[in-house]
Each structure stands twice: as C-alpha cells, then as structure tokens.
Amino acid sequence: MRTPGGIILAPEGINGSICGTRDSVENVLAFIQNDSRLWGLRRVESPVSPEEEAIHHGHMSSSPLAAGEDAPFRWDHVRVKLKKEIVTLGLPSVSPIERVGEYVSPRDWNALVSEPDVVVIDVRNDYEIRIGKFKGAVDPCTTAFRDFPSWVVDRFGLAEPEDQVETACSPGNTGAAKGKNILPRVAMYCTGGIRCEKASSFLLSKGFKEVYHLEGGILNYLEEVPKTESLWEGECFVFDKRVSVEHGLVQGTFKLCYGCKQPVSDEDMEAPEWEYGVSCPYCYSSKSEEEKERARARQRQFERWGIIGGPDKGRRPVRAGCNGESTGEISNSI
C-alpha cells in the first residue's frame, strides 16, 4: 500500500506529512521510530472517516476518475526535498536548534492569551489569516515568512537584522512601537508550530525576554480544545487538498484557486473574477491575459484527459526502432 506525502530535510530539522490507511501509516511510523536519530519527532494525526477513506482510495462510485484524486496528497508518490531551511526566514544566524520560546499546551493557551499584557501574533501569511485567526491576534500582513523579521523590527522599533535579505513592512503598523525600550510578552502561533520555532528564536535574538508559542500549532488546538471553549474564529488553512479545517480537524468549507493557490469561499466563487482553474478575486487583476489563457489550456487538458499534459504524460520520447519503427515505452519513474 502506497503512503503518499511530502518530507523536507534541512540542517535544522525534519518536517513532513504522509497519508494512507491506518496500517500503512503505522508501518512508516514504526520504521521511523526504530532510528534513534529520529526519536522525539512530534506526531500530529488528522484521521478521516471510513467513507472519506473509501473515496480517497477509489472504492466507491463517487470516487474521482483517478483513484486518490481527492486525497490530501498525490496518491502516486512521496516527495522528499533537501532544503537549507524547513521554512525560509532568510536569516542564517537564527537557529531553532539552539533556542526557542516556551511551549504552551492548547489547554493553557486561552489563559495566556487572555492576559492583558500579552501581545498575540499570528506568524502565518495574509492569505492564511484571512480565513481564520485567534480572537484579538495581531496580523503582520506578510505575504511570505521571510517578511516577518522586518515587520518585527518596524513594529517594535528594533535595530535592523544584520543578515536580512529582503525587507517588508505591514501597512498600518509602521512605527507603532518605535521609541519604546520595554518589549512586551509575546505569544505566537502558526498552523502546526514549525514557523513559530523559527520566529520565537528570532524574537529572543532581538532581546525579547518572554516568548511563548502554541505547542503543535492551530491544528493541535482545534483537535484538543472543544469548540465551546475555543478562542479560534473561522477556519484554518492547510497545505493539502482539504484546503481548510475546523474544530475536530473536520474538513472546512473553503476551496482552492488553482490560479494562485489561495483559499476561496462560496461567495468568492460567485464573483465575476472567478474562473475555475484560472483566477479568483484575489489574483484576477495581477494576471495577464496570456497567463489566464495558459491556465485555461491546462484546465482543458485536465478535463479531457484527467491529467495535465495529455495521454502521453509520463511516457518516454518516441524513438526509431531497429527497423525504423517507432517505439513508445512507459516510463517506470515516478
């Protein structure tokens, strides 16, 4: 049984997601736990119902044309990427291996963020925050994680980071705390807790004394804290085909614009800028007509053949045989 997903390997750590049947996933986890170098990896589960599992593996009449098309990840392969950073901050001096902020469990999170002297910061990007965040959290309005250091510098009036590659600032927050020498207590959060480790390490390097972050991120909070006690508002964007999840990690209501990979609501899909597989209200004006036409061509290929590229996708180039006849072999590569 295939266990698809994606894994990132970097000097600062390992991050990955896999999906499959309970038995296949448990086999992979058992293999990982047999290696002492990998002990201590945090494990987060997002179970699916038997009905959803049947759809994902092509066992029902309502299953997609290609089995697994509805699964959270592509069903036919596991991607392993080697990167310099798990999440790109662009500051080589910031090392979550050396120090990070203090972990706060989901059960203790509400009490911490309700304290009046704590500044709650959402470390995710603007399109993620747009569909949901914790009540009262500060939105840095960043489009990429590497913009976060410059936002912190500007917001809290700090010295510029020496090895910052790119700069960005959040509209409306410019100079909000310049001239203040007393840095506040900070509680931050992100989807699964990975970005917070890097962000908390950065804040500590800039002189913040009390930096907390939500252990396991929003996903862990939504799984452990009942909706009746929750301070979460909206849905949580996830980087797989579910697009968003709600409390209990139930699949949310948002879909994905394949033109810009941003979440869209039912209301967004009623807008004149929405065209399936091409554009949405968030990317329509930034795309040229040429880009839109290329997207339409890709969508037509997918609708006709079930894959982008047509029926010859994955085949080796046709070449002449010994008698001048052409041969076409199916590639075994994935």
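Here is a walk through this structure, from the whole chain down to a few chosen spots.

What you have in front of you is a predicted model, in which local features need pLDDT of at least 70 and side-chain atom pairs count only at pLDDT 80 or more, while totals for chains, interfaces and linings use all residues. Residues are numbered from 1 along each chain as its sequence is written, and side-chain values use heavy atoms, with hydrogens and water left out.

Let's start with the overall picture. The protein chain holds eight helices and 15 strands; these are DSSP runs, numbered from the N terminus, with helices being H or I runs of at least four residues and strands being E runs of at least two. Of its 334 residues, 40% count as buried. Buried here means under 20% relative accessible area, with exposed being over 50% and partly exposed in between, using a 1.4 Å probe and protein chains only. As for contacts (heavy atoms within 4.5 Å), take those in the protein chain with a separation of 6 or more: 54% of them come from residues 24 or more positions apart.

Two valines let you see such long-range meetings up close. Val-104 sits in strand E4, which covers residues 102–104. With a relative accessibility of 8%, Val-104 counts as buried. Its C-alpha is 5.9 Å from that of His-213, although their positions lie 109 residues apart along the chain. Setting aside neighbours within four places in sequence, the contacts of Val-104 are Trp-109, Leu-112, Tyr-212, His-213, Leu-214 and Glu-215.

The other valine, Val-119, belongs to strand E5. Pro-184 is 65 residues away from Val-119 in sequence, yet their C-alpha atoms are 6.8 Å apart. Beyond residues up to four places away in sequence, Val-119 touches Val-138, Pro-184, Arg-185, Val-186 and Ala-187.

Strand E5 (118–122) also leads us to helix H5, since E5 and H6 are among what covers the buried residues of H5. How many residues of H5 are buried? Nine of its nine are, so this helix is mostly covered. The list even includes Asp-154 and Arg-155, alongside residues such as Trp-151 and Phe-156. Just after H5 comes Gly-157, with a positive phi of about 65°.

Now look at how H5 (residues 148–156) meets H6 (residues 194–205): their axes come within 11 Å and cross at roughly 40°. Axes are lines fitted to C-alpha atoms, for helices over the stretch in contact, and angles run from 0 to 180 degrees between N-to-C directions. H5 and H6 are therefore oblique to each other, given that under 35 degrees counts as roughly parallel, over 145 as roughly antiparallel, 65 to 115 as roughly perpendicular and the rest as oblique. Phe-148, Pro-149 and Val-152 of H5 make the contact with Ala-199, Phe-202 and Leu-203 of H6. These residues divide into six nonpolar, no polar and no charged, where Ala, Val, Leu, Ile, Met, Phe, Trp, Tyr, Cys and Pro are nonpolar, Asp, Glu, Lys and Arg are charged, and the others, Gly among them, are polar.

Finally, how many disulfides are there? A search of the whole structure finds zero, a disulfide being a pair of cysteine sulfur atoms within 2.5 Å. The sulfur of Cys-257 has its closest cysteine sulfur in Cys-280, but at 3.6 Å that is too far for a bond. Both cysteines are buried: Cys-257 has a relative accessible area of 1%, and Cys-280 has 0%.
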